[in-house]
Amino acid sequence: VSNDLYPNASQPLERKESGVPYVREGLHVESHNDFDPLRHVIVGIADNQHIPEACPASNEKIPADSPMRGSKAGRRTQETIDRANECLNGFAKILEDRGIIVDRPGAVDWHQRITTPDFTISSGFGCMPPRDCLLTMGKSILMAPMSFRSRYFEYLAYVDLLREYFESDPNCLIEQAPRPRLADESFRMDYVAAYEYLSDEETMARSLRKEYSTNETDILFDAADVMRLGKDIFVQHGLTTNLAGIRWIKRKYEPQGYRIHTLSFEDNHPIHIDATFCPLRPGLMLLNPHRPLFKGQRDIFEKNGWEIVEAVSPAWDNPPPLCYSSTWLSMNTLILDHKTVCVEASEHPQMEQFDKLGFEVIPVDLRDAYAFGGGLHCATADVWREGTREDYFG
Ligand code: DAV
């Protein structure tokens, strides 16, 4: 794959001698939450990113009147790619200047049509955002199944990097969740077809009944639907994660001493938990005021002395053009330690709220990368945070 198209990709192949991946001394893989001191992180890249044709799962997320509904399928413009990379590279530099190790995904030719025996789609998506694909659970990193057809092969962007982690840290385990089929049978195609005509009230009513375009044929989850708080793991049931996915996470991790909880929010497009309910430090959660938790689901937090504060309104009335996410990327931040947080630089009300909550706020210019797959939390994936697996809810 041409380096011109992937100026920011990591180049692990060049580091190989006689076929054996380079071993990085001192590399450590471990993370148990989103707030302990960050030491090593992956930051996404916008290189060669595409807007794929809509697929059954992505349809439900993209507003019916959005130009992203198929007509714009193709490579994003070089101008927007360059600007997004400027933001992502600036973010990486801010982290590196604070002594945090930053890796970037590898190059994959997303331009090619993706065809499996079950489906075909115009292209892949890209390597932004890594958070959706990689789930760091203690000393292991799991590649999630992914529920958009365009993202089926996204794990390929991380294979070389993860192999390097595996060789460098003798305790690190690299794992892959069951691969889904994403055939038409994997989706409620009648819902997908009806979606264009449903009002917000109707999509909300459907969501409250916990009916989404995915059905239970495949085991489905995106890593960004999983929120880690030490021994307790909270998983959002929604567009990208089905009940079979949550059962799989339970069966996989409960024998390792984790407790898995399902969370649901009053949200007509519940996708990824990280602009909805975000841990800020031990004992403190940030909740999206437009997406209340289902009845009874606050209890475990409140009974254990956790405070849930509502996020202030985003600075913007609309997301940037060709963006899959909502304006609530304002609360999608990267916590560097219990007192330090990176917030998007134009999200002034959110920065002020963090300031009042006692955080040092680092503004990061990232809005022009939002369209590539999200905010600061989306744009990153944990490799190492200090700290151990605590029991916050025992
Ligand atoms: O509010 O559109 C975005 C989450 C992206 N990981 C939203 C959810």
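Biologist: Buried means under 20% relative accessible area, so which residues of α6 are buried?
Modeller: This is a predicted model. In α6 the buried residues are Ala244, Gly245, Ile246, Ile249 and Tyr253.

Biologist: What do they pack against?
Modeller: The buried residues of α6 pack against β7, β8, β10 (226-229), β11 and β12 (259-263).

Biologist: And at the start of α6, what does the side chain of Asn242 reach?
Modeller: The backbone nitrogen of Ala244; a side-chain oxygen of Asn242 comes to within 3.4 Å of that atom.

Biologist: Which residues touch the most other members in the largest nonpolar core?
Modeller: Ile42, Leu134, Tyr158, Tyr165 and Tyr253 do, in a core of 38 residues. Elements that each supply at least two residues of this core are β7 (134-137), β8 (140-143), α3 (159-168), β11 (232-236), α6 (243-253) and β19 (380-385).

Biologist: Take Ile42. What is in contact with Ile42, leaving aside neighbours within four places in sequence?
Modeller: With those neighbours left out, Ile42 is in contact with Asp103, Pro105, Pro130, Leu134, Tyr158, Leu161, Tyr165, Ala379, Thr380, Ala381 and Val383. Apart from this core there is another, of 31 residues, which includes Cys278, Trp328, Phe354 and Tyr392.

Biologist: Switching to the ligand. Which residues are around the ligand?
Modeller: Lys61, Ile271, His272, Asp274, Ala275, Arg291, Ser325, Ser326, Leu329 and Cys378 surround the ligand.

Biologist: Which ligand atom does the side chain of His272 approach?
Modeller: A nitrogen atom of the ligand, at 3.0 Å from an N or O atom of the His272 side chain. Ligand oxygen also has partners: a polar side-chain atom of Arg291 is 2.9 Å from an oxygen atom of the ligand, and for Ser326 a polar side-chain atom is 2.6 Å from an oxygen atom of the ligand.

Biologist: How much of the ligand does the protein cover?
Modeller: On its own the ligand has 280 Å² of accessible area, and the protein covers 97% of that.

Biologist: Back to Arg291. Which side chain does Thr276 share with Arg291, or rather, what joins the side chains of the two?
Modeller: A polar contact of 2.9 Å joins the side chains of Thr276 and Arg291. Thr276 sits in the loop between β12 and β13 (277-281).

Biologist: Is Thr276 buried or exposed there?
Modeller: Thr276 counts as buried because its relative accessibility is 0%. Leaving aside neighbours within four places in sequence, Thr276 is in contact with Phe265, Asp267, Leu286, Leu287, Asn288, Arg291 and Met331.

Biologist: What about Met285, where is that?
Modeller: Met285 is in strand β14 (residues 284-287), and at 0% relative accessibility Met285 counts as buried. With neighbours within four places in sequence set aside, the contacts of Met285 are Met227, Leu229, Phe277, Cys278, Pro279, Phe301, Trp306, Glu307, Ile308 and Val309.

Biologist: How far apart in space are Met285 and Phe301?
Modeller: The C-alpha to C-alpha distance is 8.8 Å, for residues 16 apart in sequence.

Biologist: Now backbone geometry. Which peptide bond is cis?
Modeller: The bond from Met128 to Pro129 is cis, with omega near 0 degrees. Pro129 lies in the loop between β6 (120-121) and β7.

Biologist: What is phi for Asn48?
Modeller: Phi of Asn48 is near 55 degrees, a positive value in a residue other than glycine. Asn48 is in the loop between β1 (38-43) and β2 (50-51), and is buried at 2% relative accessibility.

Biologist: And Lys210, where does that lie?
Modeller: In the loop between α5 and β10. Lys210 is not a glycine, yet has a positive phi of about 65 degrees. At 23% relative accessibility, Lys210 counts as partly exposed.

Biologist: Which residues of α5 itself are buried?
Modeller: Thr203, Arg206 and Ser207 are buried in α5 (residues 200-208). They are on the same side of α5, because they cover an arc of only 100 degrees around the axis.

Biologist: Last one. Where is Ala57?
Modeller: Ala57 is in helix α1 (residues 56-59) and is buried, with a relative accessible area of 1%. Neighbours within four places in sequence aside, Ala57 is in contact with Ser147, Phe148, Phe187 and Ser213.

Note on methods:
Residues numbered from 1 in each chain as written. Predicted model: local features only at pLDDT ≥ 70, side-chain atom pairs only at ≥ 80, totals over all residues. Heavy atoms only, no water. Buried < 20%, exposed > 50% of the residue type's maximum accessible area, 1.4 Å probe, protein only. Helix = DSSP H or I, 4+ residues; strand = E, 2+ residues; numbered from the N terminus. Arc of directions from axis to C-beta. Core = buried A, V, L, I, M, F, W, Y, C linked by side-chain atoms within 4.5 Å. Contact = heavy atoms within 4.5 Å. Polar contact = N/O pair within 3.5 Å; in protein donor to acceptor, adjacent residues only side chain to side chain. Near = heavy atom within 4 Å. Areas by Shrake-Rupley, 256 points an atom, 1.4 Å probe, with all protein chains shown as cover.
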